[in-house]
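This report describes selected helix contacts, a sheet and the internal spaces of one protein chain. The model is a predicted one.

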Amino acid sequence: MKKKVSTILLASFLLLSACSSKAPDTTGTATGTPTGTDKGAAKEITVWAWDKNFNIAAMKLAQEAYAKDHPDVKINIVEYAQDDIIQKLNTGLNSGTTTGLPNVVLIEDYRAQSFLKTYPDSFQDLSASIKASDFADYKIGPTSLNGKQYGLPFDSGVTGLYVRSDYLQQAGYKLDDLKDINWQQLIEIGKAVKAKTGKDLLSQDPNDLGLIRMMIQSAGAWYLKSDGSTPDLKDNAALKDAFATYKELMSANIVKITSDWNSFLAAFNSGSVASVPTGNWITPSIKSQADQSGKWAVVPFPKLKNTPSSVHASNLGGSSWYVLNNPGKEAAAEFLGKTLGSDVNLYQKLVTDVGVIGTYKPAAQGDAYTKPDDFFGGQKVISDFATWTTQIPKVNYGMHTYAIEDILKVEMQNYLKGTDINKVLSDAQSQAESQIK
């Protein structure tokens, strides 16, 4: 990579950036005006988001809930692909104006600091509209800056290890055997499952480093130092452990190689793999195969064996809502505060109607969160995910997640082909330092 990375416009896009960027619909069209208005009693708020079945569906529930007590407020929900939203925001904000931009916009957590730091005067401080301590601790870092809370933390990307309990039983294992294990122990289980059933342990796209993200965040580490801007690759013990674990996994002949989102889905929907380690947003896709009901369970995410700080909880993806500093910002902040910022009943509907597990802590005691799920053998999976959400280590995603992963994808392949791990990470460090300014 020779190109200098100076703005978030140059960030690359990853297939699995969680619940959000999985095959976004690029056909969405705007309804209503492009920005908010406030004319007397009549208020109009425009919202931009992606994924009609997840984020858009969730915002429509918030719209319905707000309309009960605020019939005078018109909320226009506009669907764009995530890539288009990023481009439109950059184009507008680079011009120095928010004209033509929405009042409320969804931004992926991995990209949030880039926007907040690049355009520090373009976002509304929501500190008075929501209580930040009511949300999962790990979401506050990406959504705040200099002591001010700019984002309303939305969905949880909390991870779990989805497993085919029937395949495990055929190999002589019980679910309890997987509830407190590290990756090396899982690899050994995967070998036994492969020998007994012929099924691979999991699938993996070699160009997707989502698994590395999950491994290092489980240890409270990231690609950058705590300042969110200095590359931390060469001497990053958790990253080194994750790379070594990844190589061991890929060398064990228990991984089904995939190349895109559809082949990823097909791997578990067809019954070709015994587990899926990823964010909870995959639940609807797993449950799409009704004939597999009762054959799945979810256990805690495995730990890194050689990293003492690693825990059985991590995150992949997730996004949050932001208010732009344009006309209508007060109405937009109030709308978010009264709905996704405080409405416990709304969060119950998000679970039951959409499958969204929020990061609003007071909602976790609601009926929707504690209800057994027959598909998962009666397991209270939402409650388990909510518990694991509170255990996710906090990290500073900073500004360069995707730029660094472009480097690491190449170096990972060098490592798998035999290059020494220390050279791989040293080379990655040098490249990152020269390219990220």
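## Packing of H6 and H8

In the contact of these two helices, Trp183, Gln184 and Ile187 of H6 meet Thr245, Glu248 and Leu249 of H8. By class, the residues of this contact divide into three nonpolar, two polar and one charged.

Two packed helices are described by the angle between their axes and the distance between the axes. Helix H6 spans residues 183–197 and helix H8 spans residues 237–250; they pack at an angle of about 5°, and their axes are 10 Å apart. Because angles under 35 degrees count as roughly parallel, H6 is roughly parallel to H8.

## Packing of H1 and H11

A second helix pair is formed by H1 (residues 55–67) and H11 (residues 329–338), whose axes come within 10 Å and cross at roughly 95°. H1 and H11 are therefore roughly perpendicular to each other, since the range for that term is 65 to 115 degrees.

On the H1 side, Met59, Ala62, Gln63 and Tyr66 take part in the contact, and they meet Glu334, Phe335, Leu336 and Lys338 of H11. The contact of H1 with H11 has five nonpolar, one polar and two charged residues.

## A three-stranded sheet

Strands of a sheet pair through backbone hydrogen bonds, either parallel or antiparallel. In this model, an open sheet of three strands follows the order E11-E8-E12, and its pairing is antiparallel. Strand E11 (275–279) and strand E12 (296–299) are the edge strands, each pairing on one side only. Direction ignored, neighbouring strands of this sheet are turned by 25° against each other on average.

Strand E8 covers residues 159–164 and is joined to E12 by four bridges, the two strands running antiparallel. Across this pairing, leucine 161 stands opposite valine 299 in E12.

## The largest pocket

The largest pocket has a volume of about 320 Å³. Its lining comprises 17 residues, and those nearest the centre of the pocket are Lys287, Val351, Thr352, Asp373 and Ile382. Two or more lining residues come from each of helix H10 (283–286), helix H12 (344–354) and helix H14 (381–389).

H12 supplies the largest share of the lining of this pocket, with four residues. Sorted by class, the lining of the largest pocket has nine nonpolar, four polar and four charged residues.

## Enclosed cavities

How many cavities of 30 Å³ or more are there? The count comes to two. The second largest cavity has a volume of about 40 Å³, and the residues that line it are Trp50, Gln82, Ile85, Ile86, Leu89, Leu106, Ile107, Glu108, Arg111 and Phe115.

Which elements give two or more residues to the lining of the second largest cavity? They are helix H2 (82–94), strand E4 (104–108) and helix H3 (109–118). H2 gives the most to this lining, with four residues. The lining of the second largest cavity divides into seven nonpolar, one polar and two charged residues.

Methods. Residues numbered from 1 in each chain as written. Predicted model: local features only at pLDDT ≥ 70, side-chain atom pairs only at ≥ 80, totals over all residues. Heavy atoms only, no water. Axes fitted to C-alpha atoms, helices over the stretch in contact; angles between N-to-C directions. Parallel < 35°, antiparallel > 145°, perpendicular 65-115°, else oblique. Contact = heavy atoms within 4.5 Å. Nonpolar A, V, L, I, M, F, W, Y, C, P; charged D, E, K, R; others polar. 1 Å grid on protein atoms, 1.4 Å probe; cavity = no way out; pocket = protein on both sides within 12 Å on 5 of 7 lines; lining within 4 Å. Points joined across faces, edges and corners; volume = space filled by probe spheres on them. Pairing = 2+ DSSP bridges.
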